[in-house]
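Let's take a walk through a protein model together. Keep the 3D view open while you read, and turn it as we go.

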Amino acid sequence: MNVGAPTQEDLELVGERMKLIKHKILVLSGKGGVGKSTVTVQLAMILSQVFGAKVGVLDVDLCGPSIPQLLGLKKKDVVQSTDGYVPVYTDTTQKLCAMSIGFLLPNDTDPVIWRGPKKTAVIKQFLHQVVWGELDYLVVDTPPGTSDEHISIVQYLNQCNIDGAVIVTTPQGVSLADVRREIDFCKKTGIKILGLVENMSGYKCPCCEEVTNIFATGGGKALAEE
């Protein structure tokens, strides 16, 4: 068995919890700073507010958790019930909820300095010990790259009928090069690519509404066509 690989018991425990969730979507990017967490939140809010779906957001960017702030949930506490940890809901309708290590840190500025096995254990806890309940969608925000967090989440969710991944990039060549690695990661791990989002491709002036392509444009489209 590979070091850090989940046991069959781990997979069964996670699989039992994930049975109540219809669709699982990863949001990936090989490059940091492309707006991946923002895209995650926008996707979750559209599914929840426009389509009326029940959505959970799982933040596995353990070293840079930003989902609590983006959802307006900073300083919110995670409640523990007899069945496990209850995710934090955005409002009383309970249509949108989230779980993040950001809810569990004593201070916003506290660094998370963990090696791979600790990260894997926390991801397993988030999947198995969080009372997600019945959801239409679980949207997973991941850190940049293809390291421990990605391997762990794929190992657990691959056996739970994961729908696939949305990949986020910006138009510049340096971002596209890293995103190609992420696409290769998806191919090697059997993750279907649902779509490619080109973020930050234009700035719309609030005064004249002219769009300026500060970071160029069209790189994401060209990559999708390859």
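What follows goes from the whole chain to a pair of pockets, with a few stops on the way.

First off, keep in mind that this is a predicted model. The chain has seven helices and eleven strands. Its radius of gyration is 18 Å, close to the 17 Å that the globule rule gives for 226 residues, so the chain is as compact as a globular protein of that length. If you follow the C-alpha trace along its principal axes, you get a span of about 55 × 45 × 35 Å. As for what is hidden from the outside, 43% of the 226 residues are buried.

Now find strand 1, which covers residues 21-28. Is this strand mostly covered or mostly open? Mostly covered: six of its eight residues are buried. It also has company. Strand 1 runs parallel to strand 7 (residues 135-141), and six bridges join the two. To see one of the contacts, look at V27, whose bridge partner in strand 7 is D141. Strand 1 also pairs with strand 8 (residues 164-169), again in the parallel sense, this time over four bridges. Here you can pick out I25, which stands opposite G164 in strand 8.

Next, a couple of backbone oddities. Most residues other than glycine have a negative phi. Q94 is not a glycine, yet its phi is positive, at about 55 degrees. You'll find Q94 in the loop between strand 5 (88-89) and strand 6 (96-100), and with a relative accessible area of 42% it is partly exposed. M200 does something similar: its phi is positive too, at about 60 degrees, although M200 is not a glycine. M200 sits in the loop between strand 9 and strand 10 (203-204). It counts as partly exposed, with 33% relative accessibility.

What about the cysteines? A disulfide is a covalent bond between the sulfur atoms of two cysteines. How many disulfides does the model have? The count comes to zero. C205 and C208 show why: the sulfur of C205 has its closest cysteine sulfur in C208, but the 3.7 Å between them is too far for a bond, given a cut-off of 2.5 Å. Another cysteine to look at is C63, which is partly exposed, with a relative accessible area of 47%.

That leaves the pockets. The largest pocket holds about 320 Å³ of space. Its lining is made of 19 residues, and those nearest the centre are P68, K74, G102, F103 and D108. What kinds of residues make up this lining? Ten are nonpolar, three are polar and six are charged.

The second largest pocket has a volume of about 190 Å³. Which parts of the chain build its lining? Helix 6 (173-189), strand 9 (193-198) and helix 7 (219-225) each supply at least two residues. Helix 6 gives the most, with four residues. To trace the lining yourself, select R180, I183, D184, K187, I193, L196, L223, A224 and E226. By class, five of the lining residues are nonpolar and four are charged, with no polar ones. Strand 9 is a handy landmark here, as it helps line this pocket and also leads into the loop that holds M200.

Note on methods. Residues numbered from 1 in each chain as written. Predicted model: local features only at pLDDT ≥ 70, side-chain atom pairs only at ≥ 80, totals over all residues. Heavy atoms only, no water. 1 Å grid on protein atoms, 1.4 Å probe; cavity = no way out; pocket = protein on both sides within 12 Å on 5 of 7 lines; lining within 4 Å. Points joined across faces, edges and corners; volume = space filled by probe spheres on them. Nonpolar A, V, L, I, M, F, W, Y, C, P; charged D, E, K, R; others polar. Buried < 20%, exposed > 50% of the residue type's maximum accessible area, 1.4 Å probe, protein only. Pairing = 2+ DSSP bridges. Rg over C-alpha atoms; globule rule 2.2 N^0.38 Å.
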